[in-house]
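Please examine the sequence and the structure shown here before reading further. The paragraphs that follow lead from an open space in the fold to its interior and then to its outlying parts.

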Amino acid sequence: MALQNEKCVLVLDEHLPLGLVVNTAAILGITIGKEHPQMVGASVRDQTGSTHMGITTLPIPILKSSAEGIKGLREKLFEPEFQGLTVVDFSDLAQGCGSYDDFTEKMAESPEERLTYLGVAICGPRKAVNRLTGSLPLLR
């Protein structure tokens with residue numbers, strides 16, 4: 001991944017309460033970091049010699065949309081021009097589970113059309129990510 005040509009964004013449901021916004025962003029960020037560890041820089045030292053773990057080397061805009069908009073965005077990701085993107089989604093089903101085993105079992109029994117997405121993370125070539133999300137406003 002040549003990072004200068006890459007972009008990563010989070011798109012969150014603008015109607016979520018603050019706690020769910022933060023939780024959704026954290027979960028999406030952890031998974032993107034797992035999938036793209038090269039996005040995380042090396043640890044750094046401050047002037048006094050204390051070490052601080054590396055953080056992302058890419059800016060990650062947090063954008064907003066409605067739940068319906070996120071679902072539509074996710075559907076576009078199945079189009080051939082977007083197949084190279086890394087996509088992480090986080091749904092109401094996932095948010096409501098108490099364990100990963102519970103999530104795995106419930107997801108296996110749930111059709112995709114019944115999921116409501118709280119957010120998605122999208123990473124990949126800057127042009128493709130911009131085509132999908134360039135018109136979305138920042139979440140403030």
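The lining of the largest pocket in this predicted model comprises 10 nonpolar, 6 polar and 1 charged residues. Together these make 17 lining residues, and those nearest the centre of the pocket are Ile-27, Phe-90, Ala-94, Tyr-100 and Phe-103. The elements that contribute two or more residues to this lining are H1, S5, H3 and helix H4, which covers 100-108. Of these contributions, that of H1 is the greatest, with 5 residues. The space in the pocket amounts to about 370 Å³. Rolling a probe the size of a water molecule over the atoms shows where empty space of this kind is left.

One of the residues nearest the pocket centre, Phe-103, belongs to helix H4. Apart from residues up to four places away in sequence, Phe-103 touches Leu-93, Ala-94 and Cys-97. Leu-93 is 10 residues from Phe-103 along the chain, and their C-alpha atoms are separated by 7.3 Å.

The pocket is one feature of a chain with 5 helices and 6 strands. Followed along the sequence, these elements give the pattern β-α-β-β-β-α-β-α-α-β-α. The C-alpha trace spans about 50 × 35 × 30 Å along its principal axes. Of the 140 residues in the chain, 35% count as buried. Among contacts between residues at least 6 apart in sequence, 76% join residues at least 24 apart.

Where does S1 stand in this arrangement, and which strands does S1 pair with? S1 and S6 run antiparallel and are joined by 7 bridges. Within this pairing, Leu-10 stands opposite Ala-121 of S6. S1 is also joined to strand S4, residues 62-65, by 4 bridges, and these two strands run parallel. Here the bridge partner of Val-11 is Leu-63 in S4.

In a regular strand the side chains alternate between the two faces of the sheet. In S1, one side carries Glu-6, Cys-8, Leu-10 and Leu-12, while the other carries Lys-7, Val-9, Val-11 and Asp-13; all of these are buried, and both faces of the strand are thus covered. Because 8 of the 8 residues of S1 are buried, S1 is largely enclosed by the rest of the structure.

Val-11 also appears in the largest nonpolar core, a group of 34 residues in which Val-11, Leu-28, Ile-32, Leu-85 and Ile-122 have the most contacts. Strand S1 (6-13), helix H1 (18-35), helix H2 (67-76), strand S5 (86-91), helix H3 (92-95), strand S6 (117-125) and helix H5 (126-133) each give two or more residues to this core. The greatest share comes from S6, with 6 residues. For Leu-85, the contacts beyond neighbours within four places in sequence are with Leu-77, Ile-122, Cys-123, Gly-124, Pro-125, Ala-128, Val-129 and Leu-132.

A last residue to locate is Gly-49, which lies in the loop between strand S2 (44-45) and strand S3 (51-52). Its relative accessibility is 33%, so Gly-49 counts as partly exposed. Between Gly-49 and Leu-139 there are 36 Å from C-alpha to C-alpha, and the two residues are 90 apart in sequence.

How values were computed:
Residues are numbered from 1 along each chain as its sequence is written. This is a predicted model: local features need pLDDT of at least 70, side-chain atom pairs count only at pLDDT 80 or more; totals for chains, interfaces and linings use all residues. Side-chain values use heavy atoms; hydrogens and water are left out. A nonpolar core is a set of buried Ala, Val, Leu, Ile, Met, Phe, Trp, Tyr and Cys residues joined through side-chain atoms within 4.5 Å. Buried means under 20% relative accessible area, exposed over 50%, partly exposed in between (1.4 Å probe, protein chains only). Contact means heavy atoms within 4.5 Å. On a 1 Å grid over the protein atoms alone, a cavity is a set of points where a 1.4 Å probe fits but cannot get out, and a pocket is an open set with protein on both sides within 12 Å along at least five of seven lines; lining residues have an atom within 4 Å of a point. Grid points are joined across faces, edges and corners, and a volume is the space filled by probe spheres set on the points. Ala, Val, Leu, Ile, Met, Phe, Trp, Tyr, Cys and Pro count as nonpolar, Asp, Glu, Lys and Arg as charged, and the others, Gly among them, as polar. Two strands pair if DSSP finds at least two bridges between them.
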